[in-house]
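Biologist: I'd like to learn how to read a model like this one from the top down. Can we take it feature by feature?

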Amino acid sequence: MAPTIKELMSQIRERVQEATPAEVQARAQGGEKLVLIDVREKDEVEQGLLPEATHIPRGFLELRIEALAPDRKTPIVAYCASGNRSLLAAEGLQRLGYENVVSMAGGFNRWRSEGNPVVVPQRLSEADRRRYSRHLMIPEVGDAGQIKLLQAKVLLVGAGGLGCPAAYYLAAAGVGTLGVLDFDKVDESNLQRQILHSVDRVGTPKTESARRTLLALNPGINVIPIEARLSSANVETIFKDFDIILDGSDNFPTRYLVNDACVLLHKPNVHGSVYRFEGQVTVFHPPAGPCYRCLYPEPPPAELAPSCADAGVLGVLPGVVGLLEAVETVKLILGAGDSLVGRLIHYDALKAEFRTLKLRRDPKCRYCGDGAKFPGFVDYEQFCADPASVAH
Amino acid sequence: MAVTVKIPTPLRPLSRGKDSVQVAGATAREALEGLERECPGIRARVCDEKGEMRRFVNLFLNDEEVRHLQGLDTPLKDGDILSIVPAIAGGMEAGLAESRRGRNG
């Protein structure tokens, strides 16, 4: 006669060892490399799970265990909510040849009621799973990476040619907090390249225009408009709440402030610049690589500074460079791949050439050099000549 | 040694628009002297009065900055590529661009 479930469970208890939460805790604290497997269903795990535990629902356990623990001698603790499903789970593992499996008596509920530590996993909502499904398919992103993106805080210095495309894609990618810093208002001549703005926003602050476009694309993120001109007085306060600074500025005084604050606050500075058909991209993050001042200790003096009348840029070019900055930003957040720290990509659009140059930290750099004491911020003067004063 | 010097956009008015110039020279310094003969006025944009590299301009030999090699005394070999890489601020300014003094003069 077939056994009742009660009889089956007591038969399994004869074959499968159980351990109390206190015993499991003692083994884990004793330094044993225990593999903890939470066999509950997805919605149960959302309330929390044991630290270091891996969630494999009971139905997938046998199918996935070999990837997690190829060695059949691995010490494994299976647990569920109250200790019944984990008995069945442990028996299933024994059938696969695992010799050292226990089921945690009383399960997660007893573990928690006895005051043991629990971690609540960050979960993606169903809406996020749909929106970011193409990210979730990539092993380098996946759930964990998308959660990192959603938790990341990136400051865009400038909502102009570089900042617009970078911000647009970072918003699309689900970077959870985007600070947009700019003091300027939208001008008709911006629209040739600054794709967050539009004709009906001419005269609107760029920060507000950017916020509206970014939230229209992705209402699930937080956009912080910061309508200010960066100076030595506000740079530290503005930067301190962000993880990564993306420099999309258009002048030397700002670039040096961005660099110096990033050095001081140990934040990665994703750097891009453009001129006509040429672009440069790198990531400054000493001591792994140089800072901007290792490359260019001081800005050009006024007599060698150009006139703004010389300015000009192919409208598409900051798109390319801004998006390279966005890619580097996402990689930094994910911790994926090789960042551009210590390398500079030089793009010549006319030649259709990308070249990579090596950048090295200057150990004698006044800002990031060995043992350097922060020399303070410098408010360089804006030395772009007034075009009207330039004789033609 | 025959080497190629890559000219950044802001200096191309001095190279008659050319993005690279072939010069001869056994060292980086000699190559810059050769470049000055081809493109008069360019050296002053890249080097200071003492003949050293300006601090807002870098010179790369292939993919290495010459400062981390032997500076302007770095020896060259046939086929080397020297790249002048100025600090570029953004769409508005670029170090090295035609100076106000130059334009007014």
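What follows is a talk through overall shape, then one sheet, then the second chain.

Modeller: Keep in mind as we go that this is a predicted model.

Biologist: Fine. Let's start with chain A: how many helices and strands does the secondary structure of chain A come to?

Modeller: For chain A the tally is 15 helices and 13 strands. Then look at how they are spread in space. The globule rule gives 21 Å for 392 residues, but the radius of gyration of chain A is 28 Å, well over that, so chain A is more spread out than a compact globule.

Biologist: What box do the C-alpha atoms of chain A fill?

Modeller: Along the principal axes, roughly 105 × 50 × 40 Å.

Biologist: And which domains is chain A divided into?

Modeller: Two are assigned: domain 1 covers 5–113 and domain 2 covers 152–385. Their C-alpha centres are 49 Å apart.

Biologist: What share of chain A counts as buried?

Modeller: Of its 392 residues, 42% do. As for contacts in chain A between residues at least 6 apart in sequence, 68% join residues at least 24 apart.

Biologist: Now a sheet. How should I read one?

Modeller: The general idea is that strands of a sheet pair through backbone hydrogen bonds, either parallel or antiparallel. Here, chain A has an open sheet of five strands with parallel pairing, in the order S1-S5-S4-S2-S3.

Biologist: Which are the edge strands?

Modeller: Strand S1 (17–19) and strand S3 (54–55) of chain A, each of which pairs on one side only. The partner of S1(A) is strand S5 (residues 101–104) of chain A, and three bridges join the two in the parallel sense. To find that pairing on screen, go to A:Gln17, whose bridge partner in S5(A) is A:Val102.

Biologist: Which helix packs on the sheet, touching S4 and S5 of chain A?

Modeller: That's helix H5 (residues 85–95) of chain A, where S4 is 76–79. The direction of H5 makes about 175 degrees with that of S5(A).

Biologist: Over to chain B, then. In what order do the elements of chain B run?

Modeller: From the N terminus on, you'll meet β-β-α-α-β-β-β-α. That is three helices and five strands.

Biologist: And what about burial and contacts in chain B?

Modeller: Chain B has 105 residues, and buried ones make up 47% of them. Among its contacts with a separation of 6 or more, 51% are between residues 24 or more positions apart.

Definitions and conventions. Residues are numbered from 1 along each chain as its sequence is written. Chains are lettered from A and ligands numbered from 1 in the order in which they are written. This is a predicted model: local features need pLDDT of at least 70, side-chain atom pairs count only at pLDDT 80 or more; totals for chains, interfaces and linings use all residues. Domain bounds come from an automatic or database domain assignment. Helices (H or I, at least four residues) and strands (E, at least two) are DSSP runs, numbered from the N terminus. A residue is buried if 20 or more other C-beta atoms lie within 10 Å of its own, exposed if 12 or fewer, and partly exposed in between; C-beta atoms are placed from the backbone. Two residues are in contact if their C-beta atoms, placed from the backbone, lie within 7 Å. Two strands pair if DSSP finds at least two bridges between them. Axes are lines fitted to C-alpha atoms, for helices over the stretch in contact, and angles run from 0 to 180 degrees between N-to-C directions. The radius of gyration is taken over C-alpha atoms; the globule rule is 2.2 Å times the number of residues to the power 0.38.
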